[in-house]
Amino acid sequence: MGKNIKAELVAGKLAEYEQLSKIYDDIVKQPRPRLTVEGQGKVLLVLAEDDHLSQRQIADRLGMSPQSASEFIAKLAKRDLVTMSKSPNDKRVNLVHLTAAGRQEVEAAAQEVPPFVNTLSDDDLDELARLMGKVTTAMYADIDAANPTLAVKFHKLFASRYLRQFKS
């Protein structure tokens, strides 16, 4: 079998995995709010790296409108994952702070291991980690080449936070 055909088969398996992962999360996982790399989850991850940011700073870092950031922050505040206070330098500016519960949400998301991963042997896990490392490194390079903004670099933040816990 030629390399192009193998690459197409792997691309198909990756697409299949992506779709199954979404279905798995909807059907199998516990129905509790969990951190994602969208919306509220992005705000939590940014604050986990650099707490006490203004709403505008959060919006700028994530490449979203201030209105969207404000909506996500309000929802997070309702869940007691963030608090807000006025800036001591400018009372018109709201600073957003990650609560202990918010920090715990970020850490819990990084530690989630889907049960199906446990079907792999130690050697399988080593090989999959090695291969996924190669794939994600190439993906990050392509993303950086296409759009090297801070909003895109956010996705690296999630991955680096996850890996950091294992290097300690």
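Six salt bridges turn up when the whole structure is searched. This is a predicted model, so please keep that in mind throughout. Side chains of opposite charge can pair when their charged atoms come close. I will go through three of the pairs.

Start with Arg61 and Asp50, which form a salt bridge with the closest N and O atoms 2.8 Å apart. Arg61 belongs to helix α3, while Asp50 sits in the loop between α2 and β1, so the bridge ties together parts that are 11 residues apart in sequence. How exposed are the two partners? Arg61 has a relative accessible area of 30% and is partly exposed. Asp50 also counts as partly exposed, at 30% relative accessibility.

Next is Arg79 with Glu105, where the closest N and O atoms of the salt bridge are 3.8 Å apart. Here the pair ties together parts that are 26 residues apart in sequence, because Arg79 is in the loop between α4 and β2 and Glu105 is in helix α5, residues 100-111. Is Glu105 buried or exposed? Glu105 counts as buried, since its relative accessibility of 14% falls under the 20% limit. Arg79, at 33%, counts as partly exposed.

The third pair is Asp90 and Arg92, whose side chains meet in a salt bridge at 2.9 Å, N to O. Asp90 is partly exposed, with a relative accessible area of 23%. Arg92 is exposed, at 72%.

Now the overall layout. The chain has seven helices and three strands. Read from the N terminus, the order of elements is α-α-β-α-α-β-β-α-α-α. The chain has 168 residues, of which 24% count as buried.

On to the interior. The largest nonpolar core contains 19 residues. Which residues have the most contacts inside this core? They are Val43, Leu44, Leu47, Ile58 and Val82. Four elements give two or more residues to the core: α2 (39-49), α3 (55-62), α4 (66-78) and β3 (94-98). The largest share comes from α2, with six residues.

Helix α2 deserves a further word. Why can α2 be called largely enclosed by the rest of the structure? Because nine of its 11 residues are buried. The buried residues of α2 are Gly39, Gly41, Lys42, Val43, Leu44, Leu45, Val46, Leu47 and Ala48. Note that this list includes a lysine, Lys42. Three of the core residues named earlier, Val43, Leu44 and Leu47, are also in that buried list.

For a residue on the outside, take Gln67 in helix α4. Gln67 has a relative accessible area of 54%, and the limit for exposed is over 50%, so it counts as exposed. Its C-alpha atom is separated from that of Arg56 by 9.4 Å, and the two residues are 11 apart along the chain.

Last, the charged surface. Which residues form a negative surface patch? The patch is made of Asp122, Asp123, Asp124 and Asp126. Asp126 is in helix α6, which covers residues 122-146. At 54% relative accessibility, Asp126 counts as exposed.

To recap: the search gives six salt bridges, the largest nonpolar core has 19 residues, its largest share comes from α2, and four aspartates, Asp122, Asp123, Asp124 and Asp126, form a negative patch on the surface.

Conventions:
Residues numbered from 1 in each chain as written. Predicted model: local features only at pLDDT ≥ 70, side-chain atom pairs only at ≥ 80, totals over all residues. Heavy atoms only, no water. Patch = residues over 30% accessible without salt bridge, like charges linked within 9 Å, V, L, I, M, F, W, Y side chains within 5 Å. Areas by Shrake-Rupley, 256 points an atom, 1.4 Å probe, with all protein chains shown as cover. Lys, Arg positive; Asp, Glu negative; His and termini not counted. Charge placed at Lys NZ, Arg CZ, Asp CG, Glu CD. Buried < 20%, exposed > 50% of the residue type's maximum accessible area, 1.4 Å probe, protein only. Core = buried A, V, L, I, M, F, W, Y, C linked by side-chain atoms within 4.5 Å.
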